[in-house]
Amino acid sequence: VSDGGVLKRIDYSLIKGGVTALFSATKGTAQTGVGDNTWTKLTFGTELFDPDSVFDLANDKFIAPSDGKYLICYLVNAWAETANGGGMGMKLYKNGSSHTVSTYASVNGGSGADLGEESLGVTTILELSASDYIEVYAKFDVASGTITIDTPSSISGYKVG
């Protein structure tokens, strides 16, 4: 590092940066048998990458490896035959309890049986302690029909500080 012609040294470990706790998982197959107007935990069948082994694919949750701030992105894609509209919501659960980060969208079907499909995505930064875990839940409120949570539903993230 140069400061007006004076050469200074700095330890590389202080500036190397790099991303830690990087992960991404997506649905491998459609999730069927989802109850109407019920918060349902999303299952993920495929890890796209997880070099630090922070996503528990067997239990469908991200586990924070250390205290800090984490950027979490999640997307839910669901569809159902609906009559006269409906809606879809999604939210994160932290350590098994509903978290405040959530969103909801309306699906306005006609008076007949229409195919309603909705995709919602959220990006947020969460303050987590080591061993805190995050799960994704969704709810699809329909007037009729079978509900399916499908690809490209996903969760990804990394530590930002």
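Visitor: Which residues line the largest cavity?
Guide: In this predicted model, the lining of the largest cavity is made up of V34, V76, A78, M88, A138, K139, F140 and I149.

Visitor: What is the volume of that cavity?
Guide: The volume of the largest cavity is about 40 Å³.

Visitor: How many cavities of 30 Å³ or more are there?
Guide: The count comes to one cavity of 30 Å³ or more.

Visitor: Which strands supply at least two residues of the lining?
Guide: Strands β9 (68-83) and β13 (133-142) each supply at least two. The largest share comes from β13, with three residues.

Visitor: How does the lining divide into nonpolar, polar and charged residues?
Guide: Seven of the lining residues are nonpolar, none is polar and one is charged.

Visitor: Let us turn to the whole chain. How many helices and strands are there?
Guide: The chain has zero helices and 14 strands. Its pattern along the sequence is therefore an unbroken listing of β elements, β-β-β-β-β-β-β-β-β-β-β-β-β-β.

Visitor: What share of the residues is buried?
Guide: Of the 161 residues in the chain, 39% count as buried.

Visitor: And what surface does the chain expose?
Guide: The exposed surface is about 8300 Å², and carbon and sulfur atoms supply 49% of that area.

Visitor: Among contacts between residues at least 6 apart in sequence, what percentage join residues at least 24 apart?
Guide: Such pairs, at least 24 apart in sequence, account for 75% of those contacts.

Visitor: How many residues does the largest nonpolar core have?
Guide: The largest nonpolar core has 31 residues, and those with the most contacts inside it are F62, I72, Y74, V76, V136 and I155. At least two residues of this core come from each of β3 (20-26), β9, β10 (86-94), β12 (113-128), β13 and β14 (147-159). Strand β9 gives the largest share, six residues. V76 also appears in the lining of the largest cavity.

Visitor: Why might nonpolar side chains be found together like that?
Guide: In soluble globular proteins, nonpolar side chains tend to be buried together.

Visitor: Where is I125, and what does I125 touch?
Guide: I125 lies in strand β12. Leaving out residues up to four places away in sequence, I125 touches K69, Y70, L71 and V160. I125 and I72 are 53 residues apart along the chain, yet their C-alpha atoms are separated by 6.1 Å.

Visitor: Next, T103. Which strand holds T103?
Guide: T103 is in strand β11, residues 97-107.

Visitor: What does T103 touch beyond its sequence neighbours?
Guide: Not counting residues up to four places away in sequence, T103 is in contact with M88, G89, M90, L120 and V122. V122 is 19 residues from T103 along the chain, with 7.7 Å between the two C-alpha atoms.

Visitor: Why does T103 count as partly exposed?
Guide: T103 counts as partly exposed because its relative accessibility is 26%, and that class runs between the buried limit of 20% and the exposed limit of 50%.

Visitor: Where is S66 placed?
Guide: S66 is in the loop between β8 (61-63) and β9. S66 is partly exposed, with a relative accessible area of 25%. Leaving aside neighbours within four places in sequence, S66 contacts L128, S129, A130 and K159. S66 and L128 are 62 residues apart in sequence and 7.8 Å apart in space, C-alpha to C-alpha.

Visitor: I should also like to discuss backbone geometry. Which residues does a cis peptide bond join?
Guide: A cis peptide bond joins T151 and P152, with omega at about 15°. P152 is found in strand β14.

Visitor: What is phi of N37, and where is N37?
Guide: Phi of N37 is near 55°, a positive value in a residue other than glycine. N37 sits in the loop between β4 (31-34) and β5 (40-41), and its relative accessibility of 43% makes N37 partly exposed.

Visitor: And what about S131: phi, and buried or exposed?
Guide: S131, also a residue other than glycine, has a positive phi near 80°. S131 is in the loop between β12 and β13. S131 is exposed, because its relative accessible area is 55% and the exposed class begins over 50%.

Visitor: Why remark on such features at all?
Guide: Most residues other than glycine have a negative phi, and most peptide bonds are trans.

Key: Residues numbered from 1 in each chain as written. Predicted model: local features only at pLDDT ≥ 70, side-chain atom pairs only at ≥ 80, totals over all residues. Heavy atoms only, no water. 1 Å grid on protein atoms, 1.4 Å probe; cavity = no way out; pocket = protein on both sides within 12 Å on 5 of 7 lines; lining within 4 Å. Points joined across faces, edges and corners; volume = space filled by probe spheres on them. Helix = DSSP H or I, 4+ residues; strand = E, 2+ residues; numbered from the N terminus. Nonpolar A, V, L, I, M, F, W, Y, C, P; charged D, E, K, R; others polar. Buried < 20%, exposed > 50% of the residue type's maximum accessible area, 1.4 Å probe, protein only. Contact = heavy atoms within 4.5 Å. Areas by Shrake-Rupley, 256 points an atom, 1.4 Å probe, with all protein chains shown as cover. Core = buried A, V, L, I, M, F, W, Y, C linked by side-chain atoms within 4.5 Å.
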